[in-house]
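Notebook open, coffee poured. I'm going through this structure one lookup at a time and jotting down what turns up.

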Amino acid sequence: MAAAAALAEDEIIKKRLLIDGEGDGDDRRLNRLLRTFLRFCSPSCPEDERASLYQKLFVLLAQCEFAMSKLQMVQDMNCKELQNYSSLVDKIETSVEDAHQKIGESREELVLATQIRQNRQEYNALVKVIQQHPDRLETVEQLDKLSQELTELNAKKEELDAKLSLRRKQFHLLMHSIYELQGVLDDEEKDATMDTS
């Protein structure tokens, strides 16, 4: 039961705080203004108290107007802050979009820079390979020299082939002459052995 009472009190306090607004006693002030006005308008109110109630009504009205103007200023300030926050949100969103765009551009630049670096590395590797080989002019000169040497060697070969052919013929002729001479000597020896027998 005590818990239900505490819960009911909490609800009452919450409702009063909600009705009271900022907690400045607006609800009480309005209630006092209403009671004072009703007492002021009441026919049973004495004349001397009516003058003090009249002054009290002006004071309470001034307090209510002041509270209302204060609340109006707070509301205006809140509206301005809301606009300020809206403009800040717009600026932040624009900054975020710019940042995303710059990130995208930076990624593209990074890809391009990576490609350029890779191309330079390939180029440097090719330059090293090319530098290991002689240039075209040197190669053509070497080919010309080798061609000339080959021509000279072919000419020497033909000359040596001609000499070899001549020597073969001469050797063949010599061998043929030796066989003939051997045959003549053999015939003479046979004739000589026949003569002695």
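I started with Y85, and I found this tyrosine in helix α3, which covers residues 47–132. Is Y85 buried, partly exposed or exposed? Its relative accessibility is 48%, so I have to put it down as partly exposed; the exposed label needs over 50%. I then checked the company Y85 keeps on the surface. Together with L88, I92 and V96, Y85 makes a nonpolar patch of about 370 Å².

Before going on, I noted that this is a predicted model, so I looked up the confidence. The protein has an average pLDDT of 85, and 90% of its residues reach at least 70. Which element scores lowest, and which highest? Helix α1, residues 2–20, has the lowest mean pLDDT of the elements, at 67. Helix α3 has the highest, at 90. A reminder to myself: predicted coordinates should not be read in detail where pLDDT is low. I'm leaving the details of helix α1 alone, given its mean of 67.

Next entry, the overall layout. I counted four helices and zero strands in the secondary structure. Read from the N terminus, the order is simply α-α-α-α. I also asked how much of the protein is buried. The answer is 7% of the 197 residues.

One buried residue I looked up is L57, which sits in helix α3. Its relative accessible area is 9%, so L57 gets the buried label, the cut-off being under 20%. I also checked L57 against L34: the two are 23 residues apart in sequence, and their C-alpha atoms are 9.1 Å apart in space.

Then I went after charges on the surface. Which residues form the positive patch? I wrote down R28, R32, R35 and K56. Helix α2, residues 26–41, is the biggest giver here, with three residues in the patch. I picked R35 for a closer look, and its place is in helix α2. R35 has a relative accessible area of 51%, so I can call it exposed, as it is over the 50% line.

The negative patch came next. Its members are D186, D187, E188, E189, D191 and D195. I followed up on E189, which belongs to helix α4, residues 136–196. Its relative accessibility comes to 55%, so E189 is exposed too.

Last topic, salt bridges. Side chains of opposite charge can pair when their charged atoms come close. How many salt bridges does the structure hold? I found two.

One joins the side chains of E49 and R39, with an N to O distance of 3.9 Å. E49 is in helix α3 and R39 in helix α2, so this pair ties together parts that lie 10 residues apart in sequence. I checked the exposure of both partners. E49 is partly exposed at 31% relative accessibility, and R39 is partly exposed at 45%.

The other bridge is between D161 and K157, whose closest N and O atoms are 3.8 Å apart. Where do D161 and K157 lie? Both are in helix α4, four residues apart, or about one turn of the helix. D161 has a relative accessible area of 38%, so I noted it as partly exposed.

To wrap up my page: one bridge links helix α3 to helix α2, while the other stays within helix α4.

Technical notes. Residues numbered from 1 in each chain as written. Predicted model: local features only at pLDDT ≥ 70, side-chain atom pairs only at ≥ 80, totals over all residues. Heavy atoms only, no water. Patch = residues over 30% accessible without salt bridge, like charges linked within 9 Å, V, L, I, M, F, W, Y side chains within 5 Å. Areas by Shrake-Rupley, 256 points an atom, 1.4 Å probe, with all protein chains shown as cover. Salt bridge = Lys/Arg side-chain N within 4 Å of Asp/Glu carboxyl O. Helix = DSSP H or I, 4+ residues; strand = E, 2+ residues; numbered from the N terminus. Buried < 20%, exposed > 50% of the residue type's maximum accessible area, 1.4 Å probe, protein only. pLDDT = per-residue confidence, 0-100. Lys, Arg positive; Asp, Glu negative; His and termini not counted. Charge placed at Lys NZ, Arg CZ, Asp CG, Glu CD.
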